[in-house]
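Biologist: Could you take me through the reading of strands, buried side chains and rings, one feature at a time?

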Amino acid sequence: MNLQPNVTNPICIGDDVWIGAKAVILSGSTIGSGSVIAAGSVLRGAVPPGAIYGGVPAREIGRRW
């Protein structure tokens with residue numbers, strides 16, 4: 001196990017983002033400004049600005065603006 005490479009990617013979180021309790025944001029994800037990630041969600045990938053994401057896996061469930 002200790003001989004395997006450790007692969008990581010950055011997580012980019014924009015301004016004014018709300019992240020609910022126990023939400024999981026996987027490596028390589030990007031969250032646009034003004035977005036909301038619902039509690040208990042598992043997020044992988046990109047979230048556009050002003051979107052509301054929730055679920056497992058997280059998907060768009062609404063828009064803030």
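Modeller: We will go through the strand pairing, then two serines, then the rings, keeping in mind that this is a predicted model.

Biologist: Which strands form the open sheet, and in what order?

Modeller: As a general idea, strands of a sheet pair through backbone hydrogen bonds, either parallel or antiparallel. Here 3 strands form an open sheet in the order β1-β4-β7, with parallel pairing. Its edge strands are β1 (12-13) and β7 (46-47), each of which pairs on one side only. Between β1 and β4 there are 2 bridges in the parallel sense, and C12 stands opposite T30 of β4.

Biologist: To which strands is β8 joined, and in which sense, parallel or antiparallel?

Modeller: Strand β8 (residues 51-54) is joined by 2 bridges to β5 (residues 36-37), and these two run parallel; in this pairing V36 stands opposite I52 of β8. With β9 (residues 59-63), β8 shares 4 bridges and runs antiparallel, and the bridge partner of A51 in β9 is R63. The hairpin of β8 and β9 has 4 residues between the strands, and in this hairpin G55 takes a positive phi near 105°.

Biologist: Turning to the loops, is S29 buried or exposed, and what does its side chain reach?

Modeller: S29, which lies in the loop between β3 (24-25) and β4 (30-31), counts as buried because its relative accessibility is 0%, the cut-off for that term being under 20%. Its side chain reaches the backbone oxygen of L26 at 2.8 Å. Leaving aside residues up to four places away in sequence, S29 touches P10, I11, C12, L43, R44 and G45.

Biologist: Where is S35 found, and why does S35 count as buried?

Modeller: S35 is found in the loop between β4 and β5, and it counts as buried because its relative accessibility is 0%. The side chain of S35 reaches the backbone oxygen of G32 at 3.0 Å. With residues up to four places away in sequence again left out, the residues that S35 touches include W18, A51 and R64.

Biologist: How many aromatic pairs does a search of the whole structure find, and what sits over the ring of W18?

Modeller: In general, a pair of aromatic rings is described by the distance of the centres and the angle of the planes. In this model the search of the whole structure finds 0 aromatic pairs. The ring of W18 nevertheless has the charged end of R64 sitting over it, 5.1 Å from the ring centre, and both W18 and R64 are among the residues touched by S35.

Definitions and conventions:
Residues are numbered from 1 along each chain as its sequence is written. This is a predicted model: local features need pLDDT of at least 70, side-chain atom pairs count only at pLDDT 80 or more; totals for chains, interfaces and linings use all residues. Side-chain values use heavy atoms; hydrogens and water are left out. Rings of Phe, Tyr and Trp (its six-membered ring) pair if their centres lie within 6.5 Å; planes under 30 degrees apart count as stacked, over 60 as edge-to-face and the rest as tilted. A charge sits over a ring if NZ of Lys or CZ of Arg is within 6 Å of the ring centre and within 35 degrees of the ring normal. Two strands pair if DSSP finds at least two bridges between them. Buried means under 20% relative accessible area, exposed over 50%, partly exposed in between (1.4 Å probe, protein chains only). A polar contact is a pair of N or O atoms within 3.5 Å; within protein, one must be able to donate a hydrogen and the other to accept it, and residues adjacent in sequence count only if both atoms are side-chain atoms. Contact means heavy atoms within 4.5 Å.
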